Amino acid sequence: HSGVVSSARMGLFPGEDPALARTRLHKMVLRYVLEGAYAMRRVEDPKSLLFARILGPDDLDRMEFKI
């Protein structure tokens, strides 16, 4: 299996902290691994990596590295 994660809409603007950009990207990659490889379902908890409705960078920042 393979996939592509785009960082285009993650709010990565010039002058922004590169560590923040990496963290957002890591969260999205892990999210898709959990969904694809482990068949985990999306949830309603906004702090979960599996949060159902990600509408922007603020939602990514709110997520925590726990399941």
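A residue is called buried under 20% relative accessible area, exposed over 50%, and partly exposed in between. The structure in these exercises is a predicted model.

**Exercise 1. Decide whether Gly 36 is buried or exposed, and place it in the structure.**

Step 1. Gly 36 has a relative accessible area of 60%, and because exposed means over 50%, Gly 36 is exposed.

Step 2. As for its place in the chain, Gly 36 lies in helix α1, a helix that covers residues 18–36.

Step 3. Gly 36 is also among the residues that line the second largest pocket, and Gly 3 is another of them. The two glycines are 33 residues apart in sequence, while their C-alpha atoms are 9.3 Å apart in space.

**Exercise 2. Describe the two largest pockets by volume and by the character of their linings.**

Step 1. Begin with the largest pocket, which has a volume of about 300 Å³ and is lined by 13 residues, with Ser 6, Arg 9, Met 10, Met 28 and Ile 54 lying nearest its centre.

Step 2. Ask next which helices contribute to this lining: α1 (18–36) and α2 (57–62) each supply at least two residues.

Step 3. Sorted by character, the lining of the largest pocket comprises 10 nonpolar residues, 2 polar and 1 charged.

Step 4. Turn to the second largest pocket, whose volume is about 220 Å³. Its lining consists of His 1, Ser 2, Gly 3, Val 4 and Val 5 together with Tyr 32, Val 33, Gly 36 and Ala 37, and these divide into 5 nonpolar and 4 polar residues, with no charged residue.

**Exercise 3. Identify the residues of the nonpolar surface patch and account for the exposure class of Val 29.**

Step 1. The patch, of about 530 Å², is made by Leu 25, Val 29, Leu 30, Val 33, Tyr 38 and Phe 65.

Step 2. Val 29 has its place in helix α1, and because its relative accessibility is 38%, Val 29 counts as partly exposed.

Step 3. Val 33 belongs to this patch and also to the lining of the second largest pocket.

**Exercise 4. Work through the salt bridges, giving partners, distances and exposure where they can be stated.**

Step 1. As background, side chains of opposite charge can pair when their charged atoms come close. A search of the whole structure finds 6 salt bridges.

Step 2. Consider Glu 64 and Lys 47, whose side chains meet in a salt bridge at 3.9 Å from N to O. This pair links distant parts of the chain, since Glu 64 is in the segment after α2 and Lys 47 is in the loop between α1 and α2, 17 residues apart. Glu 64, with a relative accessible area of 30%, is partly exposed, and Lys 47 at 41% also counts as partly exposed.

Step 3. Compare this with a pair inside a helix, Arg 62 and Asp 59, whose closest N and O atoms are 2.5 Å apart. Because these residues are 3 residues apart in helix α2, about one helical turn separates them. Arg 62 counts as partly exposed at 39% relative accessibility, whereas Asp 59 counts as buried at 11%.

Step 4. A further salt bridge joins Arg 53 to Glu 44, with 2.7 Å between the closest N and O atoms; Arg 53 counts as partly exposed at 48% relative accessibility.

Step 5. Finally, Glu 16, Arg 24 and Asp 61 are linked in a network of salt bridges.

Definitions and conventions:
Residues numbered from 1 in each chain as written. Predicted model: local features only at pLDDT ≥ 70, side-chain atom pairs only at ≥ 80, totals over all residues. Heavy atoms only, no water. 1 Å grid on protein atoms, 1.4 Å probe; cavity = no way out; pocket = protein on both sides within 12 Å on 5 of 7 lines; lining within 4 Å. Points joined across faces, edges and corners; volume = space filled by probe spheres on them. Helix = DSSP H or I, 4+ residues; strand = E, 2+ residues; numbered from the N terminus. Nonpolar A, V, L, I, M, F, W, Y, C, P; charged D, E, K, R; others polar. Patch = residues over 30% accessible without salt bridge, like charges linked within 9 Å, V, L, I, M, F, W, Y side chains within 5 Å. Areas by Shrake-Rupley, 256 points an atom, 1.4 Å probe, with all protein chains shown as cover. Salt bridge = Lys/Arg side-chain N within 4 Å of Asp/Glu carboxyl O. Buried < 20%, exposed > 50% of the residue type's maximum accessible area, 1.4 Å probe, protein only.
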